[in-house]
Amino acid sequence: MNHSWNHDPFQGGGPVPHRPKKQRRPIGTPVGRTLLNLAVTLVFGAIYFYVTLPPLNLHSGDFYVFVLLLCAVYCGCAVLTSGFQGSGAKGYFGFVKKQCTVPFVLGLVLVVTALIGAAIGWEVFRAGSYRDLLTVETGDFAADIKEISYDQIPMLDRDSAEKLGNRKLGELADMVSQFEVAGDYTQINYKGRPVRVTPLRYGDWIKWLNNRADGLPAYLIIDMVTQNVDVVRLDQGIRYTTAEHFSRNLGRYLRFHYPTYLFDTPAFEIDEEGNPFWVCPRIKKTIGLFGGTDIAGAVLVNAVTGECTYYEAADVPAWVDHVYPAELIEQQYNYHGAYINGFINSLFGQRDVTVTTDGYNYLAIGDDVYMYTGITSVVSDESNIGFILSNQRTKETRFYTVAGAEEFSAMDSARGQVQQMNYTATFPLLLNIADQPTYFMALKDAAGLVKMYAMVNVSQYQIVATGSDVAECEGNYRQMLARNNLIDNSDANIPADTQEATGVLTDIRTAVIDGNSRYYLRLQGESVYYVLSAADAPQVVTLNTGDRVTITYRPQEDASILEATSVTWVSGSSGTGTVDNPTDPIKINPAPGIGDIITDPGDGGRVELPVEPPPEEVRQ
């Protein structure tokens with residue numbers, strides 16, 4: 001006997017009837033639903049705006065995302081509050097269309113606007129406009145870039161500055177447990193000196209809660225020449241920074257004060273009185289809606305008080321150094337170099353097409369900071385056709401025709417000079433040494449410590465000189481330039497702004513620093529010491545107290561120890577002799593503030609010591 005599983009014995013008597021679908025009722029009245037939808041959308045929009053801070057500007061892609069999200073939220077609320085009315089796909093579509101007409105039309109208009117704006121600014125149609133974003137003049141290297149003394153060459157790169165900054169903070173017992181050094185390290189000119197400045201930041205959220213009332217107590221100034229680190233303590237703490245939260249966060253503070261402005265990354269700077277500021281470049285789009293990025297001006301925010309002032313680009317105060325970011329200048333030059341002969345030429349033929357090299361550095365000229373980068377042909381190779389210098393405050397840009405090695409080739413050349421040491425080279429700085437374009441870089445060991453310096457001639461990068469300090473490096477470099485007939489013999493020596501002091505030696509002290517013997521000499525009636533290396537002036541080891549000498553030194557204001565370049569014996573009883581393999585260590589006077597030092601003669605056990613006076617003709 002056959003049975004159906006749907007029959008009475010198994011299903012309780014016949015097929016189960018379909019229950020009618022329960023209709024969802026709309027919430028309240030149409031006006032009430034609309035107000036509710038708007039309220040939810042506004043709450044979402046307020047939270048989203050507070051967190052992501054999109055500029056209310058048609059030139060910003062973030063603005064379109066923000067508005068489209070608001071439209072989507074409103075549509076979702078409208079569907080939910082209206083009860084999902086309609087049957088079937090067609091019915092639901094008609095229902096959604098009825099509820100979301102206004103936001104749908106608004107979103108469609110925005111999408112069409114964005115597409116048209118992007119098309120208007122397309123590089124295919126506007127290559128000439130992109131080329132003209134940056135005006136490039138031709139410069140004279142020797143005339144525009146003055147020689148600087150070796151004791152004014154910035155020796156610190158960013159990584160080394162960070163190490164010094166962190167080390168300095170570690171010495172401050174009242175700060176190290178609560179604060180960290182921020183990673184800004186902006187290079188500026190401060191009172192005629194190239195320095196890097198950076199604020200502090202809170203260690204974590206708990207430390208922020210404990211200290212936010214007083215703000216950040218200090219900022220750091222790292223002198224790029226002397227490598228001194230100064231901690232500038234403030235009477236009132238820094239309250240507006242990128243490390244803050246909520247309303248005092250710099251980005252949020254700017255957005256609520258300037259809701260329609262587009263900003264680039266803020267730069268931390270100080271004015272000539274040492275007051276901390278944030279320099280916030282305002283972006284403008286000059287080609288279509290999204291193309292042709294440039295700088296319209298800058299908002300200066302006092303980091304302590306929060307007072308903010310907007311300046312047009314031409315009116316920015318002279319002490320400001322960073323208005324045009326280096327990355328923007330690089331981008332604009334690449335447009336200029338690519339479209340110099342039109343868009344088609346940038347793809348086919350590529351006549352006169354040039355690009356910037358990978359990397360850039362900064363150069364202090366006058367009161368401004370210039371961005372430097374090499375220029376090479378679009379065909380990838382290891383040589384430059386020249387370089388550009390661009391003023392980061394005014395965007396004044398000049399091109400210098402100097403054919404030679406590109407930066408990374410110069411770095412390899414410098415490393416090759418001391419390849420047995422396995423040092424790494426920093427990205428080079430461009431200098432004028434005896435009217436020769438010269439790459440200058442530091443050589444670091446595996447721990448990131450600077451061990452030597454190198455100079456590489458741009459035009460002939462096989463000319464490489466190194467030295468344990470900048471003076472030695474430049475001296476060796478000038479000698480090599482003279483040997484290669486690039487400069488006259490009269491320019492082979494470092495032009496020094498020096499003075500002379502003559503007197504009787506009353507004290508001689510010595511210390512071994514980084515493996516080099518350094519002698520500290522004091523003359524009768526003076527309180528300062530003159531220091532020089534035995535490697536630079538070997539005759540210093542023959543001097544005795546009571547000798548009359550002439551010391552050539554570099555003056556420095558308010559210094560108790562002055563760097564000397566040479567010492568000349570005038571009269572006295574000093575002499576030289578040689579002792580082979582001394583068995584006892586030699587005890588010598590301590591260097592100022594160091595204490596007694598026992599030194600090993602080294603060099604195979606040979607050391608020069610004062611003995612019998614030399615003959616009169618030797619003294620001459």
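Here is a walk through some of the helices, strands, surface residues and salt bridges of this predicted model.

Let's begin with helix H8, which covers residues 158-170. With 13 residues at 1.5 Å a residue, H8 should span 18 Å, and its end C-alpha atoms are indeed 18 Å apart, so expectation and model agree. Which residues of H8 are buried? They are Ser-160, Ala-161, Leu-164, Gly-165 and Leu-169. That spacing is worth a glance with helix geometry in mind: an α-helix has 3.6 residues a turn, so residues three or four places apart point the same way. The buried residues of H8 pack against a whole set of strands: S2 (179-181), S4 (193-202), S5 (216-223), S6 (229-238), S21 (436-444) and S22 (450-457).

Just ahead of this helix, look at Leu-156, which sits in the loop between helix H7 (141-144) and H8. Is Leu-156 buried or exposed? Its relative accessible area is 6%, so Leu-156 counts as buried. Leaving aside residues up to four places away in sequence, Leu-156 touches Ala-161 and Leu-164, along with Arg-196, Ile-222, Asp-223, Met-224 and Gln-227. Ala-161 and Leu-164 we have already met among the buried residues of H8. Take Ile-222 from that contact list: Leu-156 and Ile-222 are 66 residues apart in sequence, while their C-alpha atoms are 8.9 Å apart in space.

Gln-227, another contact of Leu-156, has a story of its own. It belongs to the loop between S5 and S6, and its phi is near 70°, a positive value in a residue other than glycine. As background, most residues other than glycine have a negative phi. Gln-227 has 30% relative accessibility, so it counts as partly exposed. Gln-350 also has a positive phi, about 55°, without being a glycine. You'll find Gln-350 in the loop between helix H12 (343-347) and strand S12 (354-356), and because its relative accessibility is 29%, Gln-350 counts as partly exposed.

Now for the surface. Val-43, Ile-47, Tyr-50, Val-51, Trp-205, Phe-246 and Phe-256 make up a nonpolar patch there, and together they have about 720 Å² of accessible area. Where does the largest share of this patch come from? Helix H2 (residues 30-52) supplies it, with four residues. Phe-246, by contrast, is placed in the loop between S6 and helix H10 (250-257). At 43% relative accessibility, Phe-246 counts as partly exposed.

Charged pairs come next, and the structure holds 20 salt bridges. One of them joins the side chains of Arg-201 and Glu-180, at 3.1 Å from N to O. This pair links distant parts of the chain, with Arg-201 in strand S4 and Glu-180 in strand S2, 21 residues apart. Both S2 and S4 are among the strands that the buried residues of H8 pack against. Arg-201 is partly exposed because its relative accessibility is 35%, and Glu-180 is partly exposed with a relative accessible area of 33%.

Are the partners in the salt bridge between Arg-248 and Glu-244 buried or exposed? Arg-248 counts as buried at 13% relative accessibility, and Glu-244 is buried with a relative accessible area of 2%. The closest N and O atoms of this pair are 2.8 Å apart.

Arg-393 and Asp-368 form another salt bridge, at 3.0 Å from N to O. This pair, too, links distant parts of the chain: Arg-393 lies in the loop between strand S16 (386-391) and strand S17 (397-400), Asp-368 lies in strand S14 (residues 368-377), and the two are 25 residues apart. Arg-393 is buried, with a relative accessible area of 18%, and Asp-368 is buried as well, with 10%. Elsewhere, Glu-137, Asp-144, Glu-396 and Arg-398 are linked in a network of salt bridges.

Finally, turn to strand S28 (residues 561-571) and its pairings. S28 runs parallel to strand S26 (residues 529-533), and three bridges join them; Tyr-530 has Leu-562 in S28 as its bridge partner. Strand S27 (residues 548-553) runs antiparallel to S28, with six bridges joining the two. There, Arg-548 stands opposite Ser-571 in S28.

Notes
Residues numbered from 1 in each chain as written. Predicted model: local features only at pLDDT ≥ 70, side-chain atom pairs only at ≥ 80, totals over all residues. Heavy atoms only, no water. Expected span 1.5 Å × (residues − 1). Buried < 20%, exposed > 50% of the residue type's maximum accessible area, 1.4 Å probe, protein only. Contact = heavy atoms within 4.5 Å. Pairing = 2+ DSSP bridges. Patch = residues over 30% accessible without salt bridge, like charges linked within 9 Å, V, L, I, M, F, W, Y side chains within 5 Å. Areas by Shrake-Rupley, 256 points an atom, 1.4 Å probe, with all protein chains shown as cover. Salt bridge = Lys/Arg side-chain N within 4 Å of Asp/Glu carboxyl O.
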